[in-house]
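Biologist: I'd like to learn how to read a model like this one, feature by feature. Could you take me through it?

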Amino acid sequence: MPFALLKFGLNDDYPYEREPDIPAPRDLKSHYDVVIIGGGGHGVATAYYLAKYHGVTNVAILEKAYLGGGNTARNTAVIRSNYLTPEGVKFYSASVKRYEQLSNEFDFNIMYSQRGQLTLAHTDATVRAFRQRAEVNKHFGGRTELIDRQAIAELVPTLNLDPADLPVLAGLWHRDGATARHDAVAWGYAKGATQRGVELHQLTEVTDILKEGNKVTGVVTNRGRIQCNSVVQAVAGHSALLARKAGFELPLVAYPLQAMVTQPVKPFLNPLVSSSALHCYVQQTSRGEIVIGGGSDPYPLYSSRSSLELKESLIAHAIEMFPFMSEMRLLRQWAGITDMTTDYSPIMGLSPVENYYIDAGWGTWGFKATPICGWTMAELVASGGRVPELIQPFALERFSHFRQVNEMGATAASH
Amino acid sequence: MKRMQCPLNGLRNISEFVYGGQVTTMPNPATCTDKQWAHYVFYEDNDIGVMREWWLHAPSGYWFIAERHNASDEIVRTYDASECFSSRVDFSASETAS
């Protein structure tokens with residue numbers, strides 16, 4: 001061994017980072033200011049912004065499995081803001097802006113890659129809907145435009161413009177569309193939060209919610225009881241089940257969402273391409289794998305099993321778009337449980353229980369909202385329940401007053 | 001492929017069926033409050049266990065009820081809706097608008 005290398009290895013300065021990124025678990029304290037249930041992207045982001053911008057550091061994140069192991073790891077990592085409603089576009093645009101800065105904010109690379117997202121229209125009705133989405137988007141500061149077949153062919157030369165009986169008529173080109181490494185987003189937030197004093201407790205499952213009258217006072221876990229001033233629940237697929245423990249209902253239905261990746265190949269596809277008529281979206285990761293995703297399962301289920309039927313239909317449609325992909329092999333496939341609302345918008349803010357805040361109804365659109373969810377939920381908790389303007393339209397009460405925020409035009413299959 | 005017992009057509013592939021939501025009790029639209037109606041429209045029983053659900057056999061246009069476990073996906077029993085519903089609900093709007 002060269003002497004210089006040996007000297008370097010024995011040096012006091014090596015290794016440079018003596019502190020682990022995420023400290024080892026400690027015992028649970030008996031009291032926290034804030035308990036966050038769910039150690040996925042949304043939960044750790046909320047803790048991060050609470051600690052960094054509001055000085056609230058006596059926070060525990062309770063995760064029943066491991067950090068970012070639920071839907072944070074199961075989504076297809078699409079970041080975009082080309083939604084349909086002004087409420088949705090404003091909200092998701094704010095999220096995209098935070099994503100653009102996130103690697104700098106963390107000093108940790110989340111591999112954010114803004115390649116643009118292309119959605120294909122196969123019918124006149126879709127073209128009309130796209131025109132509306134483009135205008136709403138431009139109005140609220142997004143970069144979205146309607147493009148013709150020729151422009152599509154130039155953007156994605158490998159795309160089959162005439163799949164079966166559904167010729168492509170036009171495309172919605174969203175320059176802000178991007179992807180990032182989803183695990184890194186959770187790790188970045190968790191590192192930033194725990195370095196500021198937040199405790200992340202994995203393998204810690206909340207089994208009951210403690211209340212005094214209508215006010216939350218603590219939680220019961222498999223590792224003992226904890227008292228707290230307020231609780232945030234951010235548990236994606238199991239939101240409605242947890243809310244029942246807190247004593248209220250959520251208008252959610254749990255559907256599995258399946259996705260898969262192929263073996264890695266040379267880069268051929270830069271933008272993220274999706275087609276709502278074919279119920280399929282395709283993108284190539286920076287590792288070269290092709291991610292294929294689509295609509296949810298046809299009926300509700302609290303299980304992340306995969307089914308052959310959905311794989312069959314997804315692959316059939318992916319091959320319609322990119323016929324040469326029929327030569328490729330699948331590497332992995334998986335499913336996540338999504339908590340779907342009837343209007344395809346989230347449920348955020350206050351709950352019927354005092355000091356108990358909800359971040360639910362994230363269905364198939366949760367990953368792209370991670371930074372803005374953390375930001376607004378932190379503001380909500382730190383202010384003691386003053387709901388930020390950006391999330392006011394997503395209140396739970398909207399389902400009692402028929403004031404839904406209809407994101408139907410931009411959901412499941414179209415991202 | 002998973003199969004389901006249709007009370008009218010026998011054992012058929014699951015792809016022939018369409019899920020139609022849980023069987024819930026409808027409040028009287030003439031007398032209930034808006035909030036009760038909203039609850040009926042948007043909320044379902046969120047628990048893990050055997051659920052009573054509406055299913056449609058699409059090729060024959062036949063609606064029936066299935067009892068299915070919503071985590072194991074086991075179909076316990078399927079039967080005709082007449083086992084639960086015996087009278088017709090009249091939805092004709094009252095003629096107050098002029």
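Modeller: Sure, starting with sheets: two strands pair if DSSP finds at least two bridges between them. Keep in mind that this is a predicted model.

Biologist: What holds paired strands together in general, and in what order do the strands of the open sheet in chain A run?

Modeller: Strands of a sheet pair through backbone hydrogen bonds, either parallel or antiparallel. In chain A, 8 strands form an open sheet with mixed pairing, in the order β5-β6-β4-β13-β14-β15-β12-β16. At the edges sit β5 (144–147) and β16 of chain A, each pairing on one side only. On average, neighbouring strands of this sheet are turned by 20° against each other, ignoring direction.

Biologist: Can we zoom in on one pair? In which sense do β4 and β6 of chain A pair?

Modeller: Strand β4 (residues 117–121) and strand β6 (residues 170–174) of chain A are antiparallel, with 5 bridges. For one of those strands' residues, A:A121, the bridge partner in β6(A) is A:A170.

Biologist: Which strands does helix α5 of chain A lie across?

Modeller: Helix α5 (residues 124–139) of chain A lies across β4, β5 and β6 of chain A, and runs at about 150° to β5(A). Then there's helix α9 (residues 308–321) of chain A, which packs on the sheet too. Helix α9 touches β12 (253–262), β13 (272–275), β14 (280–284), β15 (290–296) and β16 of chain A, and its direction makes about 65° with that of β14(A).

Biologist: Next, helix against helix. What numbers do I look at?

Modeller: Two packed helices are described by the angle between their axes and the distance between the axes. Take helix α2 (residues 41–53) and helix α10 (residues 370–382) of chain A: the axes come within 7 Å and cross at roughly 55°. That angle makes α2(A) oblique to α10(A). The crossing is right-handed.

Biologist: Which residues of α2(A) and α10(A) meet?

Modeller: On the α2(A) side, they include A:H42, A:Y49 and A:Y53; on the α10(A) side, A:W375, A:M377 and A:V381 are among them. Sorted by class, this contact has 12 nonpolar, 5 polar and no charged residues.

Biologist: I also like checking backbone angles. Which phi value does A:A236 have?

Modeller: Phi of A:A236 is near 45°, a positive value in a residue that isn't glycine. Look for A:A236 in the loop between β11 (224–233) and α8 (239–246) of chain A. A:A236 counts as buried because there are 26 C-beta neighbours inside 10 Å, and the cut-off for buried is 20 or more. A:Y344 is another non-glycine residue with positive phi, about 60°. This tyrosine, A:Y344, sits in the loop between β16 (330–340) and β17 (347–350) of chain A. A:Y344 is buried as well, with 23 other C-beta atoms within 10 Å.

Biologist: And the two chains: how many residues of chain A are in contact with chain B?

Modeller: 19 residues of chain A are in contact with 13 residues of chain B. On the chain A side, α8(A) gives the most, with 3 residues. That side divides into 13 nonpolar, 3 polar and 3 charged residues.

Biologist: Which residues does B:N46 touch?

Modeller: B:N46 touches A:A240, A:L241, A:R244, A:E249, A:L250 and A:L252, leaving out residues up to four places away in sequence. You'll find B:N46 in the loop between α1 (34–42) and β4 (50–57) of chain B. With 24 C-beta neighbours inside 10 Å, B:N46 counts as buried. Also, B:N46 and B:N70 are 24 residues apart in sequence but 9.9 Å apart in space, C-alpha to C-alpha.

Terms used:
Residues are numbered from 1 along each chain as its sequence is written. Chains are lettered from A and ligands numbered from 1 in the order in which they are written. This is a predicted model: local features need pLDDT of at least 70, side-chain atom pairs count only at pLDDT 80 or more; totals for chains, interfaces and linings use all residues. Helices (H or I, at least four residues) and strands (E, at least two) are DSSP runs, numbered from the N terminus. A residue is buried if 20 or more other C-beta atoms lie within 10 Å of its own, exposed if 12 or fewer, and partly exposed in between; C-beta atoms are placed from the backbone. Axes are lines fitted to C-alpha atoms, for helices over the stretch in contact, and angles run from 0 to 180 degrees between N-to-C directions. Two residues are in contact if their C-beta atoms, placed from the backbone, lie within 7 Å. Angles under 35 degrees count as roughly parallel, over 145 as roughly antiparallel, 65 to 115 as roughly perpendicular and the rest as oblique. A crossing is left-handed if the near helix is turned anticlockwise from the far one by less than a right angle, and right-handed if clockwise. Ala, Val, Leu, Ile, Met, Phe, Trp, Tyr, Cys and Pro count as nonpolar, Asp, Glu, Lys and Arg as charged, and the others, Gly among them, as polar.
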